[in-house]
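Visitor: I would like to go through this model term by term and ask what stands behind each label. Please set each value against its criterion before concluding.

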Amino acid sequence: MPKGLYARSILIIITPMVILQIVIAYVFMERHWQTVTQRLSKSVTADLAAIIDVIESYPQDETYDEITRIAQERLRLNVAILPPDPFPPATAKPFFSILDDVLQEEITKQIGRPFWIDTVGDSNLIEIRIRLEEPQRVLRVYARRSQAYASNSHIFLLWMVGASLFLIVVSILFLRNQIRPIQNLARAAELYGKGRDLPIDFQIRGAREVRQAGQAFLQMRERIDRQITQRTAMLTGVSHDLRTILTRFKLQVALQGDGPETEELQRDIDEMQRMLQGYLDFAKGETGEEIASVRLIDLFERHRNEASLKNCKYTVSCPKNLSIRGRPNALARLVGNLVTNAFRHADTVKVAAIDDGQDVVLWIDDNGAGIPAKNREEVFKPFLRLDEARNQDESGTGLGLPIARDIARLHGGDIKLEDSPLGGLRATIRLPH
């Protein structure tokens with residue numbers, strides 16, 4: 001069965017139409033066509049029987065001109081009396097032999113003489129030869145095919161098939177106009193799920209149910225955007241208030257001068273500030289950034305210096321022109337969280353990216369200690385920190401991997417953790433084009 005709504009709808013229209021045509025054609029062929037052909041053949045055979053009776057019952061001259069004239073003028077049959085020679089060889093029986101069957105049956109029933117017929121030689125004529133008893137001759141008759149066969153019945157079939165094809169084409173055109181709004185709505189929902197803007201020409205169209213679905217989608221989109229905006233605004237306000245307090249702490253520490261106590265307080269204040277920034281970044285998720293084309297090789301190469309400073313072997317395998325559409329800063333943060341996390345726990349890191357035809361796939365492999373399989377899904381929970389966790393960002397908030405997955409899903413993708421060929425952890429990122 002087709003998977004698409006358009007194909008299934010066309011199938012729903014065409015299948016009953018085809019079944020109806022088959023049933024009508026069968027009934028017509030079985031009843032009307034055969035009945036008409038049988039009646040016409042019976043009439044021609046009756047004329048032949050009458051001619052044979054006249055020839056055998058009444059004296060005729062040697063030329064048989066009178067009987068030939070009567071058959072030509074009154075019965076529209078071309079009659080000739082031939083010597084008693086053997087019949088010609090039997091001709092090949094046509095594939096569609098309704099005329100042959102009916103005509104043979106009628107001649108056998110009404111005349112009961114040896115006969116030979118040919119319905120194939122000339123498409124417009126049929127030839128019939130019947131052996132006479134007295135005189136010992138052969139009666140040859142040429143008749144138009146239309147006299148014994150419903151030859152114009154195909155016009156009915158042509159009209160039936162032609163009208164059906166026309167109606168199917170019209171139905172497909174109207175159906176396509178009804179399906180297009182659903183396809184546009186599905187496309188808009190897909191783009192929104194990938195974190196992209198809706199098409200400029202997107203409008204709610206179509207039948208009432210489709211319009212209701214489109215309106216519900218727009219309302220849902222508006223509520224989600226409003227909720228994200230309110231959450232970001234609230235956390236921004238909280239961040240501003242807390243930063244004001246942290247600034248006061250910094251000022252008081254600075255006034256107390258340098259000392260072991262103040263250094264410890266300063267480290268705590270810096271840690272609180274990093275944690276606050278991490279919470280804010282996780283909450284807003286880079287949703288306000290514009291969509292642009294991002295080259296993946298640029299995202300990977302920017303970590304080359306970081307690898308040198310940390311004495312890590314860093315390998316990049318990525319086509320130079322491979323790019324995706326997304327939010328540049330968010331994608332940079334996504335790759336940066338995972339690569340920096342790998343640098344922290346390993347001395348060999350390998351990154352790669354390919355286009356598999358459906359999505360863009362990124363791999364980040366390292367030779368570190370890895371994460372137990374049972375804990376690989378838990379590390380994506382916000383604020384969760386394991387003893388051997390790989391989601392320990394610099395702020396110590398446990399938001400490195402959650403932020404990365406949040407960005408991936410914002411773009412319509414996801415992240416999966418697996419065993420790496422290097423012996424450590426592999427992070428697989430799938431992002432749509």
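Visitor: What is the handedness of the crossing in which H10 passes H11?

Guide: In this predicted model, H10 passes H11 in a left-handed crossing. The packing angle between H10 and helix H11, residues 400-410, is about 140°, and their axes lie 9 Å apart.

Visitor: Which residues make the contact between H10 and H11?

Guide: The criterion for contact is heavy atoms within 4.5 Å. From H10 the contributors are Ala330, Leu331, Arg333, Leu334, Asn337 and Leu338, and from H11 they are Gly400, Leu401, Ile403, Ala404, Ile407 and Ala408. By class, the residues of this contact divide into nine nonpolar, two polar and one charged.

Visitor: How do you know that the span of helix H10 agrees with the expected value?

Guide: The expected span is 1.5 Å times one less than the number of residues. For the 18 residues of H10, residues 328-345, that rule gives 26 Å, and the end C-alpha atoms are 26 Å apart, so the two values agree. Among the buried residues of H10 are Ala332, Val335, Gly336, Val339 and Phe343.

Visitor: What does the same check give for H6 and for helix H3?

Guide: H6 has 49 residues and should span 72 Å, and because its end C-alpha atoms are 72 Å apart, the values agree. Helix H3, residues 98-110, has 13 residues with an expected span of 18 Å, and its end C-alpha atoms are 18 Å apart, so here too there is agreement. The buried residues of H6 include Val210, Gly214, Thr232 and Leu246, while those of H3 include Ile98, Asp100, Val102 and Glu106. Just after H6, Gly257 takes a positive phi of about 85°, and H3 is followed by Gly112, whose phi is positive, near 70°.

Visitor: How many aromatic pairs does a search of the whole structure find, and why is the pair of Tyr192 and Phe217 called edge-to-face?

Guide: The search of the whole structure finds two aromatic pairs. For Tyr192 and Phe217 the ring centres are 6.2 Å apart and the planes stand at 85°. Rings pair if their centres lie within 6.5 Å, and planes over 60 degrees apart count as edge-to-face, so the values of 6.2 Å and 85° give an edge-to-face pair. This pair links distant parts of the chain, with Tyr192 in helix H5, residues 153-193, and Phe217 in helix H6, residues 208-256, the two being 25 residues apart.

Visitor: What makes Phe217 count as buried?

Guide: Buried means under 20% relative accessible area; Phe217 has 8% relative accessibility and therefore counts as buried.

Visitor: What kind of aromatic pair do Tyr314 and Phe343 form?

Guide: Tyr314 and Phe343 form an edge-to-face pair, at 5.4 Å centre to centre and with 75° between the planes. Tyr314 belongs to strand S6, residues 313-317, and Phe343 to helix H10, 29 residues apart, so to speak of distant parts of the chain is apt. Both Tyr314 and Phe343 are buried.

Visitor: Why is Asp366 counted as buried, and why is Asn311 called exposed?

Guide: Exposed means over 50% relative accessible area, whereas buried means under 20%. Asp366 has 2% relative accessibility and so counts as buried, while Asn311, with a relative accessible area of 68%, is therefore exposed. Asp366 is in strand S9, residues 359-366, and its C-alpha atom is separated by 4.4 Å from that of Val349, 17 residues apart along the chain. Asn311 lies in the loop between helix H9 (304-309) and S6.

Visitor: What is notable about the phi of Asn311 and of Arg76?

Guide: Most residues other than glycine have a negative phi. Asn311 has a positive phi of about 55° although it is not a glycine, and Arg76, also not a glycine, has a positive phi of about 55°. Arg76 is placed in the loop between helix H2 (65-73) and strand S1 (78-82).

Visitor: Is Glu62 buried or exposed, and which label does Asp197 receive?

Guide: Glu62, at 77% relative accessibility, is over the 50% cut-off and so counts as exposed. Asp197, with a relative accessible area of 52%, is exposed as well. Glu62 is in the loop between helix H1 (5-57) and H2, and Asp197 is found in the loop between H5 and H6.

Definitions and conventions: Residues are numbered from 1 along each chain as its sequence is written. This is a predicted model: local features need pLDDT of at least 70, side-chain atom pairs count only at pLDDT 80 or more; totals for chains, interfaces and linings use all residues. Side-chain values use heavy atoms; hydrogens and water are left out. Helices (H or I, at least four residues) and strands (E, at least two) are DSSP runs, numbered from the N terminus. Buried means under 20% relative accessible area, exposed over 50%, partly exposed in between (1.4 Å probe, protein chains only). Axes are lines fitted to C-alpha atoms, for helices over the stretch in contact, and angles run from 0 to 180 degrees between N-to-C directions. A crossing is left-handed if the near helix is turned anticlockwise from the far one by less than a right angle, and right-handed if clockwise. Ala, Val, Leu, Ile, Met, Phe, Trp, Tyr, Cys and Pro count as nonpolar, Asp, Glu, Lys and Arg as charged, and the others, Gly among them, as polar. Rings of Phe, Tyr and Trp (its six-membered ring) pair if their centres lie within 6.5 Å; planes under 30 degrees apart count as stacked, over 60 as edge-to-face and the rest as tilted.
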